[in-house]
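Biologist: I have a structure on screen and some labels to check. Walk me through the terms, one by one.

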Amino acid sequence: MATKAFQKIYTKISKITKATCTLKAEGIGNDELAEIDGRLAQVVKIIGEEVTLQVFGGTEGIPTNAEVVFIGKAPTLKVSDQLAGRFFDAFGHPIDGGPEVEGEEREIGGPSVNPVRRKQPSELIATGIAGIDLNNTLVSGQKIPFFADPDQPYNQVMAMVALRAKADKIILGGMGLTNDDYLYFKNVFDNAGALDRIISFVNTTENPPVERLLVPDMALTAAEYFAVEKNESVLVLLTDMTLFADALSIVSNRMDQIPSKDSMPGSLYSDLAKIYEKAVQFPDGGSITIIAVTTLSGGDITHAIPDNTGYITEGQLFLRRDTDIGKVIVDPFRSLSRLKQLVIGKKTREDHPQVMNTAVRLFADAANAKTKLENGFDLTDYDERTLAYAKEYSNKLLAIDVNIGTDEMLDTGWELFVKHFSKEEVGIKQELVDKYWKN
Amino acid sequence: MATKGTVKGIISNLVIVEVDGPVSQNEIAYIKLPDTKLMSEVIKVMGKNTYIQVFESTRGVKVGDPVEFMGYMLEVSLGPGILSRNYDGLQNDLDKMEGVFLKRGDYTSALDDEKLWDFKPLAKADDKVAAADWLGEVDENGQPHKIMVPFVFEGVYTVKSVAEKGQYKINDEIAVLTNSDGDDVSVTMVQRWPVKQPIKAYRDKPRPFKLLETGVRTIDTINPIVEGGTGFIPGPFGTGKTVLQHAISKQAEADIVVIAACGERANEVVEIFTEFPELEDPHTGRKLMERTIIIANTSNMPVAAREASVYTAMTLAEYYRSMGLKVLMMADSTSRWAQALREMSNRLEELPGQDAFPVDLSAIIANFYARAGFVYLNNGETGSVTFIGTVSPAGGNLKEPVTESTKKAARCFYALQQSRADGKRYPAINPIDSYSKYLEYPEYAEYISERIGSGWIDLVNEVKTIMLRGQEVSEQINILGDDGVPVEYHVRFWKSEVIDFVILQQDAFDKVDMLTPIERQEYMLRKVMDICHSDFEFENFTEVDTYFKRIINHLKQMNYSEFESEKFKKYEEELASILKERMAA
């Protein structure tokens, strides 16, 4: 960036909306940052001399004669080892009372990885939760969100997963986090003695919503530093991406863009993909894994936000309360890990794929039996058995409070098959039945 | 002199340029920045203002930056050395780029200028030739790569000379042609062609009729696609679109496979990069990568290049078709391409159609699908481009504009169904809603009865009827209860389940089951249909479940065993005795 001897100050704002300001200015680059009376803003549109800025802190109280100074560069973050253990706001300023971080200044939202330079993810991430490890195994370099209604304990599950996964760095990108949840994360990481591995960029509900747009890029710029320069495995937690998308729609709305489905901007898919695709396995060993949260309204996954997310991410983990056992489970029907094929039966025991599929299929049979029961029909003996099986399966394997190794999960699966079904009903490849079916 | 311009406005990747001379629609332009230049395409002209979409990030572009117009449209280089390459949407060779991250403005050449090719002449002096006629050939990964009269040549030319058999580089002169005015033109092994225009240098495009084997039973048997046919696979996320696409691209009996990864996940492309060089083509025994071309514009790569990527892929496919080859092109996903059109239409402030898509979406999709096809070349040889696209319907709703528009254009419809995927019934293609129009083609009926035997199509239609009746029964049982319907209804339902589990479902991750040659498909279908045609005797409905589950289990074990192996025969014999238990006399 060229250093300027003096900076021109503009004082004539011609248009102000809730999220944007427009003024006449010259020689301005697209995406460039500006300060409006000390508030950070970014160029989003230039037509001739008219420059439109998106104001991260909101435009409340901005006068038409506010002082506007263009900074001549896109948003940046200073990266170095000093980031570790620190808490920052959406602009990368410390909020933990510590000093500013010294280091190399990098533009956030940098270029994409050349697909031919990526490596195929192959490291299993064990979480101890069978609903994840058995049915939806996670792999380093993956990107996967929790789909959950706001009343589900997604932040707790995410914190648990983060701590059990053996990552070198955990980077938390909090968007519209309540102050309580922010303190919860801080507390959990502190108690686990993991604080020096954690870096947080937090926008709480007390901060202006448009600021959130910076959080994922900040978190991922820090992640790229540790994954590329230090070859570390980095786990990035993004919560809640629904609030991020809401902020996108606020800005596009103020810019008079034609909304597409669910009043989201037409570019939602590309905007989200740019973030999630930062998940990568680098050739030199470093990796970025993204676990995100997308809150749903009433479990509706057809809404534009979860829908676009589902098409981008490598699966989703769907949390729901199972009323039969009174616990939160990882729903085996709606959840999916697309990368599990790379590790199951390869890094785990050979029977993993078939046990996983059969267990879920039988659980589906139980769901049918339940429908029959609710409709007042007699159940067959098979139906009865599937129901008994489903309850145990839910309790011993799907519940999020399970914490066991993968072999133990598979053994539990076989135990349940033997207990409730015949070999024909299970329909697993004969070689595996011969080996693992123990009466 | 080339037209020049200066930047007047920037809205994301749409840039408004004031120009000093003539420009044409879809012309390529470069925005010059101090350290690099950004490739763009003209998409709208309003007086002096020309609107260009930039194939890169426009970060730092300023009003006043100079723009240069090139006078040509987006083109690809066609010549030997395209196979096994990994290109981006603009045909830049991704492997030639340095560093882990993509650099803005880093454009690399598509072909290798230095490589020597063994050239063999096919034409001789005084031959009369026209565009796309074969002048010679080189061996490219075991395929005869024809060197053709450039597609842009109009009229008839006379061959003045053709290079002798020997080794040549792509830019060496391999022929001199004389046009009707008596002027000599030099021809090399490379030619360029604008991607948005179809290559039409063939004699005739008849209705396609030859089965294109994919090894996927629910496609080949139930809803077959043909060489030069079109099909599409819509499905909500998580229903197995990509697994199915990969299975088809691995197994299909094609000479060349072009894969356009259009706005999808990078790791899916990485899977192809990693696996294809290792996996063997089941038909030739060579490595799969040798017959594959990948166009990767993943979802985090620039949006405007996403639109270009499908056209680039189709042009490469058409090029190989002109050599008399069987080309399969897959695009995953065409919805992302439609979304790229939507983003741009939105920035141009055009009046939106349904769901804010451009109003001409339907026409754009139809034109694109029409580029596929089976053709007779000028020399009487045949070639084909079979196109299968996936569609990612928003919210899983098949009534959305991209699915609806594609349904009008494609002849095969493979509807992936959420509930089948939830029940792990893969591939989750719904057997009742899906269709292949080719089953109705008399040309196909004739071809398939020669290949498999007569009555095949009747058998396939019967399968569909059984599936439909099975579904009806299942709905009745849900309403009336297990004992509210006669026992024979249960038998009817379970017969449809046998077809579902044994024919429709297929394990894409099992070495044997993943690929079923048509002969084996025929064998298994006839076996299953014999069971469906038989009468069984049961006392009550609970017996029906258990009995059919045993049958299904044995047939599945057969699917998992090598065809006609000891193991296969063992299960077949056991099955025969199970059948005898209840078969009515």
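Biologist: Which residues have the most contacts inside the largest nonpolar core?

Modeller: Ala222(A), Val236(A), Val258(B) and Met329(B). That core has 288 residues. Helix α4 of chain B, residues 303-321, gives the largest share of this core, 12 residues. One caution early: this is a predicted model, where local features need pLDDT of at least 70, side-chain atom pairs count only at pLDDT 80 or more, and totals for chains, interfaces and linings use all residues. Residues are numbered from 1 along each chain as its sequence is written, with chains lettered from A and ligands numbered from 1 in the order in which they are written.

Biologist: What makes a set of residues a nonpolar core?

Modeller: The members are buried Ala, Val, Leu, Ile, Met, Phe, Trp, Tyr and Cys residues, joined through C-beta atoms within 7 Å. Buried means 20 or more other C-beta atoms within 10 Å of the residue's own, with C-beta atoms placed from the backbone; exposed means 12 or fewer, and partly exposed lies in between. In chain A, buried residues make up 54% of the 439 residues. Another core, of 27 residues, lies apart from the largest one. Among its members are Val463(B), Tyr489(B), Val502(B) and Leu504(B).

Biologist: Which residues is Ala222(A) in contact with, leaving aside its neighbours within four places in sequence?

Modeller: Leu77(A), Val79(A), Leu83(A), Ile171(A) and Ile199(A). Contact means C-beta atoms, placed from the backbone, within 7 Å.

Biologist: Why does the radius of gyration of chain A agree with a compact globule?

Modeller: The radius is taken over C-alpha atoms, and the globule rule is 2.2 Å times the number of residues to the power 0.38. For 439 residues, that gives a radius near 22 Å; chain A has 25 Å, so the two agree. Along its principal axes, the C-alpha trace of chain A spans about 85 × 50 × 40 Å.

Biologist: What divides chain A into domains?

Modeller: The bounds come from an automatic or database domain assignment. They give domain 1 (9-70), domain 2 (76-341) and domain 3 (352-436). The centres of domain 2 and domain 3 of chain A, taken over C-alpha atoms, are separated by 33 Å. Their contact takes 18 residues from domain 2 and 17 residues from domain 3.

Biologist: How many residues of each chain are in the contact between A and B?

Modeller: Chain A gives 59 residues and chain B gives 62 residues. The side of chain A that touches chain B divides into 25 nonpolar, 19 polar and 15 charged residues. Here Ala, Val, Leu, Ile, Met, Phe, Trp, Tyr, Cys and Pro count as nonpolar, Asp, Glu, Lys and Arg as charged, and the others, Gly among them, as polar.

Biologist: How do you know that β5(A) and β1(B) pair?

Modeller: Pairing needs at least two bridges found by DSSP. These strands have three, in the antiparallel sense. Ile46(A) stands opposite Ile10(B) in β1(B). Strands are DSSP runs of E, at least two residues; helices are runs of H or I, at least four, and both are numbered from the N terminus. Chain A has 12 helices and 21 strands.

Biologist: Why are β10 and β16 of chain B called edge strands?

Modeller: Each pairs on one side only. Their open sheet has four strands in the order β10-β13-β15-β16, with antiparallel pairing. Four bridges join β15(B) to β16(B). Within β16(B), Asp184(B) is the bridge partner of Thr178(B).

Conventions
Contact = placed C-beta atoms within 7 Å.
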